[in-house]
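Q: Got a minute? I'd like to walk through this structure with you.

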Amino acid sequence: TWSNVPAGPPDPILGVTEAFKADKDPRKINLGVGAYRDGDGKPYVLNSVKKAEDFLRASNPDKEYLPITGLPEFTKNATKLAYGADSTPLNANAIAATQSISGTGALRIGGAFLARFYPHSKVIYLPVPSWGNHTPIFRDSGLEVRGYRYFDKKTVGLDFEAFFRGRGIAYYIVVDQNAPERSIVLLHACAHNPTGVDPTPAQWKEISNIVKEKKLFPFFDMAYQGFASGSTDRDALAVRLFVSEGHQVALSQSFAKNMGLYGERAGAFSLTTADAEEKARVESQLKIVIRPMYSNPPLHGARIANTILSRPELYGEWEAEVKGMADRIISMRERLYNELANTHKTPGEWGHIKSQIGMFSFTGLTAAQTKALAERAYIYMTADGRISMAGLNGKNIDYFAESVSRAVKG
Ligand code: LMR
């Protein structure tokens, strides 16, 4: 029956974890998937999460189904975290929201909702490069995926020509003669994945102006709130700026990274709407999108996140832990830069290792070099040369830098 099914390729990110697991060498390092590791290279369960779980256990909750759109307190607190307590649409009860199967599920619900109801266009523009899963998520949601230029390979930085001289995202959309008006544009809210290069606040303002001028519809993916700057408020700058500038936005949120809830799959999807009545209509349709997909979302992760977000003492501890994770990554950036540039005198310019932000660094290593690192040094990363900085620690960073230096020198 299945003789016509061709073997598919491994996933570009999760396939790296499979290859790493199969490797028997004790020196092996996994810098593929974006999952935080502590200073000993171990997965890290946050203390605030452990305390929230203790609290939940003591309250002896049942295992009844959640509503289709999830735990209402959780979506309320998640949207407050993203849009800010003083957000106008939030306080006007004009944000339609649903719990989601983490960030991927939020993007998929958003893609499906827009494919069904966004009246102006079925085209979504993604930055090039973007997270590897964005293209299949939106394609499988029924949207047509196109790219806008984001990253300048020459300077290993934000493409300034694209942003300024060319008048930004819209320029590249406009020069695409076939681009329908009012297309959807996907923006990484902070800690751009895979490049680690974000617009400055002034550049965000410029992007907001262009998006407004061209009547594009902004869809924010915020998978790393807190990881870029160490502050959840600061990392929400782009989303809050757009809302205060009068844009209606779509937003995907994940608690995988900032609460370390990876496998618990806690996230949220939201849309700002005109008023409470429109919000109710939109939410009724979100339910109709979700019900045949997975009926209703899982309980535990949303309960943990909600406990942290709603209890001031846990919230404070969590914020400090997010900053602790972000700071450890920054210290690894400093050290890696020093080892590559100074200790090993590795050919090339490595300043971007320090200037990039968030969980990832886009090293500039070629596909051939990343392949050589896996085969000869048992070091695994995605083929585009992205490394998860969180996979580095005091014990493996010397070996990593030495191996990279050898790979670059050939
Ligand atoms: C990543 O980019 O490594 C993360 O977002 C994890 C994933 O699901 O790909």
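Q: How many residues of domain 1 are in contact with domain 2, and how many on the other side?
A: This is a predicted model. In it, 17 residues of domain 1 are in contact with 18 residues of domain 2.

Q: Which elements supply the domain 1 side?
A: Helix H14 (312-343) and strand S11 (360-362) each supply at least two residues of the side that touches domain 2. The largest share comes from S11, with three residues.

Q: And how do the residues on that side divide?
A: Eight are nonpolar, six are polar and three are charged.

Q: Back up a bit. Where do the two domains run?
A: The domain assignment puts domain 1 at 14-44 + 326-409. Domain 2 covers 65-310.

Q: How far apart are their C-alpha centres?
A: The centres of domain 1 and domain 2 lie 28 Å apart.

Q: New topic: the ligand. Which residues surround it?
A: Ile13, Val33, Gly34, Trp131, Asn133 and Asn193 do.

Q: What's the mix in that shell?
A: Three residues are nonpolar and three are polar. No charged residue is in the shell around the ligand.

Q: Now helices. At what angle do H5 and H12 cross?
A: Roughly 115 degrees. The axes of H5 (residues 102-117) and H12 (residues 276-294) come within 10 Å.

Q: Is that crossing left-handed or right-handed?
A: The crossing of H5 and H12 is right-handed.

Q: Which residues meet there?
A: H5 brings Ile109, Ala112, Phe113, Arg116 and Phe117. They meet Gln285, Leu286, Val289 and Ile290 in H12.

Q: How do those divide?
A: The contact of H5 with H12 has seven nonpolar residues, one polar and one charged.

How values were computed: Residues numbered from 1 in each chain as written. Predicted model: local features only at pLDDT ≥ 70, side-chain atom pairs only at ≥ 80, totals over all residues. Axes fitted to C-alpha atoms, helices over the stretch in contact; angles between N-to-C directions. Helix = DSSP H or I, 4+ residues; strand = E, 2+ residues; numbered from the N terminus. Left-handed = near helix turned anticlockwise from the far one by under 90°. Contact = placed C-beta atoms within 7 Å. Nonpolar A, V, L, I, M, F, W, Y, C, P; charged D, E, K, R; others polar. Near = placed C-beta within 6 Å. Domains from an automatic or database assignment.
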